[in-house]
Amino acid sequence: MKGSLVEKILKAHLLKGNLQEGEIQIKIDQTLTQDSTGTMAYLQLEAMDIGPVATERSVAYIDHNMLQQGFENADDHAFIKSCCDKHGILYSKPGGGICHQVHLERFAIPGKTLLGSDSHTPTAGGLGSIAIGAGGLDVAVAMAKGFYYLPVPKVYFIELVGKPKDYINGKDIILTVLEKLSVKGGVGYIMEYGGEGIDHLSVTDRATICNMGAELGATSSIFPSDERTKEFLKAQGREKDYLPLQADEDAVYDKKLQIDLSTIEAKLAGPHSPDNVEEVENLVGMKVDQVCIGSCTNSSYMDLMRVSKILKGKKVHPDTSLVISPGSANILHLMAENGALATFISAGARILEAGCGPCIGMGQAPKGGGVSLRTFNRNFKGRSGTMDAKVYLVSPETAAMSAIAGTVQTAKGWSFDIEEPLDYGKNDGYFVEPRFQDKIEMGKNIKPFPIVKPLEDQIDKKCILKVGDNITTDDICPSNAKLLPYRSNIPYLSKFSFTTIVDDFSERAKKDGGIIVAGENYGQGSSREHAALIPLFLGIKAVIAKSFARIHRQNLINNGILPLVFKNKKDYDKVEEGDQIHLVKVKEIIKNGGELLCQLPEKGEEITLIFDGSCREREILEFGGYLNYAKKKG
């Protein structure tokens, strides 16, 4: 990464280690949480018994669990707000907007580091920040101690050349990258974008690309900080935050990919993966039941103004529902002033408050078997709230054209002459400054997080579930409007674990715990720590996989569950559901390194497993989880 933008920022924040190999500790300047993962993060922060946070800026956003059908969500919000008051954290009320969009507008700063309890935290890379998604416990430690550990990342340089056609969105560009690299193509890398083509991309287009770098499995994504960055910050009233940042001309990268923006046509990702990409034109004419425009990926002012231009004087097709959710209250305010909101309403669109809404499964589930076009970042099976829905990821331009026609259409040939505002203004009505009061408000829906048990020297358990590749955190911990209010209640949530795959995982686990066996990229998707806390609660001792997604692997370690990989991936085929698995000398191998012998006594087979962890990760497992480690090691 010599001379790269990534190296420069990491070097300026390096506390321990070196940038050549191994694990590093970096200073964290900012953190963000959202309410879906935040309750657990703040329960863990409270367990550390600290005073004010150690960061320059920490913000708690309420943007996920905003349907208040009962007391549960409101109780969680009150708990989070009381933690903010105690620890000096800015609180963003429901309706203020989606954490990533609001943070981009108000707080992200070029050259700073940001750690967030949401996998799409890298959105801020559109402004030249190194922004990383992590589990709630990692974010709690960052708030308490001001640091974060990560393996030295490799840097993947994406050179953008040429000028995109006017109807092409940042969404079409990142879908092109996903088409080329897949959902595993960025694992272990920070994606660094450059080239003369970036001059043609707005900050919010850049943010869209960085946001969906999470779907590549990347640690983060980043763009240089240049004149486009300066213009955006000035319009947001934050010109003082501008800092020019570029890679050196002779920068050295681990991998490179060149993309000619002028050749890109409108893209979509079909069910049920963000890398199932093809050109929109291939599906033109397919009936569309629902269109959703918004999410942290495509809810910016510039995105929605393009939608407004397409909808001007038109009506949504009688057989199609169009839902629009702005990314921030400030964007909604601007559109109310300039007439775009009236255009949406006149066209027959449904307007939601500024929040995550349908993207996280909080309402607007499509009809059974329906086709839904969404400007979101994920289309995992069942995430929409309807198991048999066919969800396609598209740009706002494609979405708007399709909503009018009632069938898939492109905006090919359209010209958009939309200028970025010179002054976005500021809407502070949703921010609550901390009052430094000690009282914590704990509702009855909030249950304690499960306690990690000490590492055992021998593990003798059954394989109670065997799954394939690309199992998501939505599979492990389903996300929909019925379950989201229980994100602070692990015992209740545990009943629904893996219900996208089997009906009885919880019952299997409750008998005597067990071991999960998986294929490649186990745990891709959301940063939700619940996907580790639920297995912990259910007595899962280890997950044996061909490979793990970065955040989920760390969440397993943080919560005392062994993430083990097959030394020989073909050994995956030797293990079946119901097999007894015997792991020996576990404590010794975890402490000192080496290969772990896995016996299948009923088959007379032995296979070799590896725990490829740092010294610190080994200590975390020995201490019985990261919370114990952080409290004892400091």
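Reader: Which residues lie nearest the centre of the largest pocket, and how many line it?

Author: In this predicted model, 29 residues line the largest pocket, and Pro151, Gly188, Arg550, Arg553 and Asp612 lie nearest its centre. Two or more residues of that lining come from each of the elements β8 (147-151), α17 (550-558) and β24 (562-566).

Reader: How is such an empty space found, and what is the volume of the largest pocket?

Author: The general idea is that a probe the size of a water molecule, rolled over the atoms, shows where empty space is left. Here, the largest pocket has a volume of about 790 Å³.

Reader: How many residues of each class are in the lining of the largest pocket?

Author: That lining has 15 nonpolar residues, together with seven polar and seven charged ones.

Reader: What is the volume of the second largest pocket, and which residues lie nearest its centre?

Author: The volume of the second largest pocket is about 420 Å³. Its lining consists of 21 residues, with Asp166, His200, Asp205, Arg228 and Arg306 nearest the centre. Helices α7 (203-211) and α9 (301-311) each supply at least two residues of this lining, and α9 gives the most, with three residues. By class, the lining of the second largest pocket divides into 11 charged, six nonpolar and four polar residues.

Reader: How should the packing of two helices be read, and at what angle do α6 and α7 pack?

Author: One considers the angle between the helix axes and then their distance. Helix α6 (residues 170-181) and α7 pack at an angle of about 30 degrees, and their axes are 8 Å apart. Angles under 35 degrees count as roughly parallel, and α6 and α7 are therefore roughly parallel to each other. Their crossing is right-handed. On the α6 side, the contact is made by Gly170, Lys171, Ile173 and Ile174, and on the α7 side by Asp205, Thr208 and Ile209. These residues comprise three nonpolar, two polar and two charged ones. Asp205 of α7, part of this contact, is also among the residues nearest the centre of the second largest pocket.

Reader: Are α10 and α11 roughly parallel or roughly perpendicular to each other?

Author: The axes of helix α10 (residues 329-338) and helix α11 (residues 340-347) come within 5 Å and cross at roughly 80 degrees. Angles of 65 to 115 degrees count as roughly perpendicular, and α10 and α11 are therefore roughly perpendicular to each other.

Reader: Which residues make the contact of α10 with α11?

Author: Helix α10 contributes Leu332, Met335, Ala336 and Asn338, while α11 contributes Ala340, Leu341 and Phe344. Six residues of this contact are nonpolar, one is polar and none is charged.

Conventions: Residues numbered from 1 in each chain as written. Predicted model: local features only at pLDDT ≥ 70, side-chain atom pairs only at ≥ 80, totals over all residues. Heavy atoms only, no water. 1 Å grid on protein atoms, 1.4 Å probe; cavity = no way out; pocket = protein on both sides within 12 Å on 5 of 7 lines; lining within 4 Å. Points joined across faces, edges and corners; volume = space filled by probe spheres on them. Helix = DSSP H or I, 4+ residues; strand = E, 2+ residues; numbered from the N terminus. Nonpolar A, V, L, I, M, F, W, Y, C, P; charged D, E, K, R; others polar. Axes fitted to C-alpha atoms, helices over the stretch in contact; angles between N-to-C directions. Parallel < 35°, antiparallel > 145°, perpendicular 65-115°, else oblique. Left-handed = near helix turned anticlockwise from the far one by under 90°. Contact = heavy atoms within 4.5 Å.
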